[in-house]
Amino acid sequence: MTFLAARARLIVPFLIVVFLTAGLAAAQEVPPEPEATLVEAGDIPTLLDSRVTTTQDRARLVLDLTGTTEFGVHTLADPMRVVVELRAQSEDDATPTAPSGEGLVSGYSKGPAGTDRVRVELALAAPVQVQQSYILEAFEDQPARLVIDLVPDSEANFLANVQRPDAETTVSTAELATPETAPGETTTAASDVRPLIVIDPGHGGVDGGARASNGLEEKNIVLAFALKLQSLLVETGQFDVALTRDTDVFLTLSERVSLARQNRADLFISLHADSFDQPDVRGASIYTRGDLATSEIDRVLAENENRADLIAGFNPPEEAAAVSALLDLMSRTTRRQSYLAGQALIDQLEPSVQLRRFPLRQADFFVLNSPDVPSVLIELGFLSNADDTENLTTDAWLDRVAAALARGIAVYVDGQS
Ligand SMILES: [Zn+2]
């Protein structure tokens, strides 16, 4: 348990950190047993639509289905391809349009494979590894979705994966897929110190934050969500996870930033669900720090948030001389990492929930000012919008968002190691 000692040294007294036991961490290295069939016998989901987006850095296959189902993903050589087989029937037999332009995937096809199976093949322009694969249950007007993400890999690793006898993975539901580790690499869980994720539920105590028309307060919504996200992340065995507050208390904006910095967090995530005077503005979005706000809405949001300290009778952080020094100190690396973290989170949210247009935004939020801790602020939605407010009180929606964020955090952290 050396990492505990090493980690504890860094923790300031009032930061709440959840550690995993070594036993739980070890258990996470074993892939989960495939679950029993999720659908009733004879009740075969229908494949409604399929699409591929592909660039040089990444490719994603999304299959829309009438329900969740079992699926398997494996890679084949000569020629290089990724094959997805799922228990489903296909509605349209039209050949999907081949991905255009240059990217990891050069073509794809789908067709029946037996009476109750559909096979989708992705022809590869370059060696890849399956970064993650998961299935989302149908939600509101969205169909169930099977999502498979591919990232570039070396030819040697690709061939090694092809030859692995257990290369085929069959998964029923994997809301929280752990990114695969290439052969020979050690998993994150095996390292002495796990990355520390600090989650910051906005507002608290006298500062209730935004308030919905039904009286619901932002401070309570984001705290409940932070606890949910924390337990999901801890379950992966990949992270240490700390909250800046786990009760209804007030913290100054500076205290939130300091907690992340003093504990040398690997990622700081501030959670909000604000309101705006245009009730039609809705959807989730993620902010990194920028002097120039993406839009007027973003500027106003940040300005309101930065007044949080005033509400509780503290000086606003802008007046502290130290702040302007901090801004100049923010390294290019931290900015870049914050952007990458935001992008990874958006990538995972995108198939799951409604996002604002241009969901990765910039604004001058004070809590994003750590010069040395990559930081993002997540607006889960707007309490000034009725649909968002409904979502923010719906467990299934909150679970979906938490799972997507946990995946995004895993992808970001994986890319940093
Ligand atoms: Zn807020």
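**Salt bridges, crossings and unusual backbone in a predicted model**

Colleague: Happy to look at this with you! Which residue has a side chain that meets K228 in a salt bridge?

Modeller: In this predicted model, the side chain of K228 takes part in a salt bridge at 2.6 Å, N to O. The pair joins distant parts of the chain, helix α4 and helix α11, 171 residues apart. K228 sits in α4, and its partner in α11 is D399.

Colleague: Is D399 buried, partly exposed or exposed?

Modeller: Buried would need a relative accessible area under 20%, and exposed would need one over 50%. D399 has a relative accessible area of 38%, so the residue falls in between. Its partner K228, at 23%, is placed in that class too. D399 is therefore partly exposed.

Colleague: Good, now the other bridges. How many salt bridges does a search of the whole structure find?

Modeller: Besides K228 with D399, R282 forms one with D388, where the closest N and O atoms are 2.9 Å apart. R282 lies in the loop between β14 and β15, while D388 belongs to helix α10, 106 residues apart. Over the whole structure, the search gives 26.

Colleague: And is D388 buried or exposed?

Modeller: The relative accessible area of D388 is 4%. Buried means under 20%, so D388 is buried.

Colleague: Which residue forms a salt bridge with D149 from the loop between β2 and β3?

Modeller: D149 is in strand β10, and its partner is 91 residues away. The N to O distance is 3.8 Å, which is within the 4 Å limit for a salt bridge. D149 is buried at 0% relative accessibility, whereas the partner is partly exposed at 23%. That partner is R58.

Colleague: Which residues are linked with R58 and D149 in a network of salt bridges?

Modeller: The bridge between D149 and R58 belongs to a network of salt bridges. The other members are R60, D347 and E350.

Colleague: Let's turn to the helices. Are α9 and α11 parallel, perpendicular or oblique to each other?

Modeller: The axes of α9 (residues 332–349) and α11 (residues 395–416) come within 8 Å and cross at roughly 140°. Roughly antiparallel would require an angle over 145, and roughly perpendicular one from 65 to 115. The two helices are therefore oblique.

Colleague: What is the handedness of that crossing, and how many nonpolar residues does the contact have?

Modeller: α9 passes α11 in a right-handed crossing. Residues making the contact include L340, A344 and L345 of α9 and V401, L405 and I409 of α11. By class there are four polar residues, one charged residue, and nonpolar residues numbering 11.

Colleague: Any unusual backbone? Which peptide bond is cis?

Modeller: The place to look is the loop between β4 and β5, where P79 is found. Omega is near -5° for the bond leading into P79. The cis peptide bond runs from D78 to P79.

Colleague: E140 and H203 each have a positive phi; which of them is buried?

Modeller: Neither residue is a glycine: phi is near 50° for E140 and about 65° for H203. E140 lies in the loop between β9 and β10 and is exposed, with a relative accessible area of 59%. The loop between β12 and α4 holds the other residue, which has 6% relative accessibility. The buried one is therefore H203.

Terms used
Residues are numbered from 1 along each chain as its sequence is written. This is a predicted model: local features need pLDDT of at least 70, side-chain atom pairs count only at pLDDT 80 or more; totals for chains, interfaces and linings use all residues. Side-chain values use heavy atoms; hydrogens and water are left out. Axes are lines fitted to C-alpha atoms, for helices over the stretch in contact, and angles run from 0 to 180 degrees between N-to-C directions. Helices (H or I, at least four residues) and strands (E, at least two) are DSSP runs, numbered from the N terminus. Angles under 35 degrees count as roughly parallel, over 145 as roughly antiparallel, 65 to 115 as roughly perpendicular and the rest as oblique. A crossing is left-handed if the near helix is turned anticlockwise from the far one by less than a right angle, and right-handed if clockwise. Contact means heavy atoms within 4.5 Å. Ala, Val, Leu, Ile, Met, Phe, Trp, Tyr, Cys and Pro count as nonpolar, Asp, Glu, Lys and Arg as charged, and the others, Gly among them, as polar. Buried means under 20% relative accessible area, exposed over 50%, partly exposed in between (1.4 Å probe, protein chains only).
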